[in-house]
Amino acid sequence: MIDGEHERFMRLALTEAAAAQAGGEVPVGAVIVLGGRVVGVGGNRPIGAMDPTAHAEIVAMRAAAASLGNYRLTGATLYVTVEPCLMCVGAMIHARVGLVVFGAAEPRGGALVSAVRAHETPGLNHRLEVLGGVLEDDARTLMQQFFRDRRNSC
């Protein structure tokens with residue numbers, strides 16, 4: 001896939017992140033693409049859903065699985081605004097996502113390139129491809145502004 005397409009789908013993920021933020025959630029958004037078409041979208045919802053697993057990536061994978069009628073997302077590309085956590089990477093491996101494209105790295109809890117490289121764990125029966133830094137500045141700015149506003153409102 002060419003870079004312009006990665007940017008186009010990441011912009012959709014950024015839109016999902018902004019919607020999550022408008023709902024009082026940490027602004028993370030995700031989009032799943034298969035065969036050039038969007039099959040699932042999601043924004044962070046753990047607070048509103050009262051569900052600790054309702055991260056944007058999980059919400060998008062659930063939507064994609066329902067849309068496709070299959071829990072396997074073999075060959076799909078998952079776009080997410082911030083580097084996924086360990087839970088989300090595990091779910092991506094189980095779903096057989098092909099490529100994960102993220103915007104900003106997450107130095108404390110990122111499980112692809114920052115804190116740990118979970119997808120490279122020996123013994124896994126599926127490997128993810130990873131591409132980071134797509135619209136990184138936009139994703140980082142959204143997150144930094146959210147936490148800056150939160151600190152200032154306390």
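How much space lies in the largest pocket? About 610 Å³. Keep in mind as you look around that this is a predicted model.

## The largest pocket

Let's stay with this pocket for a moment. Its lining is made up of 25 residues, and those closest to the centre of the pocket are Val 26, Val 82, Glu 106, Met 143 and Phe 147. If you sort the lining by residue type, you find 13 nonpolar, 5 polar and 7 charged residues.

Two helices are worth picking out here. Helix H2 (46-49) and helix H5 (136-152) each contribute at least two residues to the lining of the largest pocket. H5 gives the most, with 6 residues.

## Helix H4 and its two faces

Helix H4 spans residues 86-95, and its buried residues are Cys 88, Val 89, Met 92, Ile 93 and Ala 95. Around the axis they cover an arc of only 165 degrees, so they sit on the same side of H4. Turned away from that buried side is a face that carries the exposed residues Leu 86 and His 94.

What do the buried residues of H4 pack against? Their partners are helix H3 (56-68), strand E3 (77-82) and strand E4 (99-104).

## Two loop residues with positive phi

Just after H4 comes Arg 96, which is found in the loop between H4 and E4. Its phi is near 70 degrees, a positive value in a residue other than glycine. Is Arg 96 buried or exposed? With a relative accessible area of 18%, Arg 96 is buried, because the cut-off for that class is under 20%.

Leu 135 also has a positive phi without being a glycine, in this case near 50 degrees. You will find Leu 135 in the loop between strand E5 (129-132) and H5. Its relative accessibility is 14%, so Leu 135 counts as buried.

## Aromatic pairs

How many aromatic pairs does the structure hold? There are 2. In one of them, the ring centres of Phe 9 and Tyr 79 are 5.4 Å apart and the planes stand at 40 degrees, so this pair is tilted. It links distant parts of the chain, with Phe 9 in helix H1 (residues 3-22) and Tyr 79 in strand E3, 70 residues apart. Phe 9 counts as buried at 2% relative accessibility, and Tyr 79 is buried with a relative accessible area of 0%.

Phe 146 and Phe 147 form a pair as well: their ring centres lie 4.9 Å apart with planes at 80 degrees, so the arrangement is edge-to-face. Phe 146 is buried, with a relative accessible area of 9%, whereas Phe 147 counts as partly exposed at 33%. You have already met Phe 147, as one of the lining residues closest to the centre of the largest pocket.

## Ser 67 on helix H3

One more residue to visit is Ser 67, which has its place in helix H3. Why does Ser 67 count as partly exposed? Its relative accessibility is 46%, and the partly exposed class runs between the buried limit of under 20% and the exposed limit of over 50%.

Ser 67 can also be compared with Thr 53, which is 14 residues from it in sequence. In space, the two are 20 Å apart, C-alpha to C-alpha.

Key. Residues numbered from 1 in each chain as written. Predicted model: local features only at pLDDT ≥ 70, side-chain atom pairs only at ≥ 80, totals over all residues. Heavy atoms only, no water. Buried < 20%, exposed > 50% of the residue type's maximum accessible area, 1.4 Å probe, protein only. Helix = DSSP H or I, 4+ residues; strand = E, 2+ residues; numbered from the N terminus. Arc of directions from axis to C-beta. Contact = heavy atoms within 4.5 Å. 1 Å grid on protein atoms, 1.4 Å probe; cavity = no way out; pocket = protein on both sides within 12 Å on 5 of 7 lines; lining within 4 Å. Points joined across faces, edges and corners; volume = space filled by probe spheres on them. Nonpolar A, V, L, I, M, F, W, Y, C, P; charged D, E, K, R; others polar. Phe/Tyr/Trp six-rings, centres within 6.5 Å; stacked < 30°, edge-to-face > 60°.
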